[in-house]
Amino acid sequence: MENKPKHRFFDNLFVIAFLMPLIFVQLVGGGFQGISQVVFGNFCGKESLLYQFVNFVPSVVTAVFIILIVRKLFAGYCNFGFKGGKPLLGVLLSSAGLLVVAVNLYGIQFSGDVCKIVNSVFTAIGIGITEEVICRGYVVSNLMRKWQDKPNRVMLSVIASSIGFGCIHMFNVFISKDIVGSLIQVAYCIAIGIFFGATYVRSRNIWGNIILHSLIDTFALLGGNNANGFDSETGVDLISVLIVVAVSVILVLVALVYLRPGKRAETEALWQQNWDFGDKEKVSAAPVIILFAVSAVLLIFTSVYYAANENSSAMSGFHYSYDTSENGEQSENNASFDVSTDRKSLTVTLPYLAGTNCKVDISSPDALGILSETSTEDKYEYKFNVTDNKEQSVKLDFTQSVGDGRQSMEVGAYTVTVSLDKDGRITNVKV
């Protein structure tokens with residue numbers, strides 16, 4: 001038997017299925033995204049249509065980077081599934097996953113915001129391309145090579161890759177701060193990963209998975225649905241969790257049908273030509289050095305970038321109740337807010353209605369005091385300051401009315417809930 005060259009580091013199961021996806025998604029992908037936000041934000045402006053591609057561009061760059069690095073590492077044969085195999089079969093098999101799209105469509109309400117729609121669609125496409133290239137194109141194909149002499153390599157490759165796919169989503173806990181929600185999401189992603197893996201090995205073509213993955217994430221982003229059945233304000237939604245469990249079971253059962261013994265010969269025939277490290281003389285440590293050098297630079301850049309932007313929800317712990325990216329974004333009911341850099345002050349702006357008065361009732365005046373209140377011909381503006389270092393939730397009830405005393409009539413009402421941490425910093429604002 002020919003003694004094919006191997007790369008000891010990259011031929012390890014843990015490295016293939018867990019470490020590499022983690023590095024590619026969290027470090028490389030996250031770093032490119034940080035750079036993209038700086039470039040697009042400074043040169044395009046966050047309100048421009050072009051800025052809505054801020055997540056799509058780094059995703060595609062990450063996917064291309066992965067392909068180039070892997071092809072350099074594997075001086076021999078490697079195929080991510082963009083060509084060859086059975087593309088039509090892949091699309092047909094993946095269509096069963098439209099069940100997840102249907103779940104994400106339930107209760108969806110389109111805002112009509114063109115920028116949000118463009119951002120959601122292209123962000124989802126970028127995620128679909130990147131995660132499929134990493135978790136199926138790279139991981140599954142590499143495991144099929146590694147276990148080419150094992151009779152059950154198809155099932156092993158699908159299961160191992162799906163666990164890795166689920167684990168990379170575990171890091172969402174650092175953004176959401178919801179351990180329960182993140183664990184449910186990991187389990188859900190493992191089930192979806194098994195389905196994706198099954199469609200990929202049966203077709204050895206990645207396009208069906210990319211299309212389905214993009215559709216799933218598009219409607220999840222457009223609808224703002226919490227697919228894991230957990231909401232940070234209300235806790236676990238039992239009905240949503242039951243739906244997630246049911247969908248997961250169905251997807252796994254469908255995957256098992258795809259991988260049934262009767263299809264083993266057909267599947268193996270597609271994978272007769274496996275990835276290999278090629279000519280031993282051409283295999284070097286260069287890809288390892290390049291990968292970790294780029295990862296280190298991107299990690300440093302990302303850390304510095306987010307540390308310098310304390311208002312970033314992912315790193316500072318501050319988040320909004322709307323799908324917004326910065327302070328001052330307007331809500332659906334025309335109320336807006338702005339939080340100071342030190343998260344000790346809050347400005348709330350409400351629309352002005354001609355002939356009305358506006359008053360505010362603070363549930364905990366000892367925790368949040370009014371600095372000033374002004375009105376102009378188009379808005380009311382209230383400025384508040386944190387006055388108590390205590391973890392608590394403060395409710396601000398704004399009432400707009402016409403007339404005075406018993407003759408007054410309420411014409412508008414807004415409720416703003418402000419969450420404070422133990423250091424007296426604003427961590428969440430919900431309008």
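Let me begin with the open sheet, whose four strands run in the order β4-β5-β8-β7 with antiparallel pairing, where strands are DSSP runs of E with at least two residues, helices are runs of H or I with at least four, both numbered from the N terminus, and two strands pair if DSSP finds at least two bridges between them. Because β4 (336-339) and β7 (368-375) stand at the edges with a single partner strand each, one side of each is left without a neighbour in the sheet.

Before going on, I should say that this is a predicted model, in which local features need pLDDT of at least 70 and side-chain atom pairs count only at pLDDT 80 or more, while totals for chains, interfaces and linings use all residues. Residues are numbered from 1 along each chain as its sequence is written, and side-chain values use heavy atoms, with hydrogens and water left out.

Staying with the sheet, β7 pairs with β8 (residues 379-386) in the antiparallel sense over seven bridges, and the two form a hairpin with three residues between them. Within that pairing, Ser 372 stands opposite Lys 383, and Gly 369 has Asn 385 as its bridge partner.

Strand β8 also leads us to aromatic pairs, which are rings of Phe, Tyr and Trp (its six-membered ring) with centres within 6.5 Å, called stacked when the planes are under 30 degrees apart, edge-to-face over 60 and tilted for the rest. By this rule there are 18 aromatic pairs. One of them is the edge-to-face pair of Tyr 200 and Trp 271, at 5.7 Å centre to centre with 75° between the planes. Tyr 200 lies in helix α8 and Trp 271 in the loop between α11 (264-270) and α12 (286-308), so this pair ties together parts that are 71 residues apart in sequence. Both residues are buried, a word that means under 20% relative accessible area, with exposed over 50% and partly exposed in between (1.4 Å probe, protein chains only).

Phe 384 and Phe 398 are likewise edge-to-face, at 6.2 Å and 75°, and they link strand β8 with strand β9 (residues 392-402).

Which residue does the side chain of Thr 199 join in a polar contact of 2.5 Å? Thr 199, which sits in helix α8 (residues 179-203), makes that contact with the side chain of Asn 209, where a polar contact is a pair of N or O atoms within 3.5 Å, and within protein one must be able to donate a hydrogen and the other to accept it, residues adjacent in sequence counting only if both atoms are side-chain atoms. Thr 199 counts as buried because its relative accessibility is 1%.
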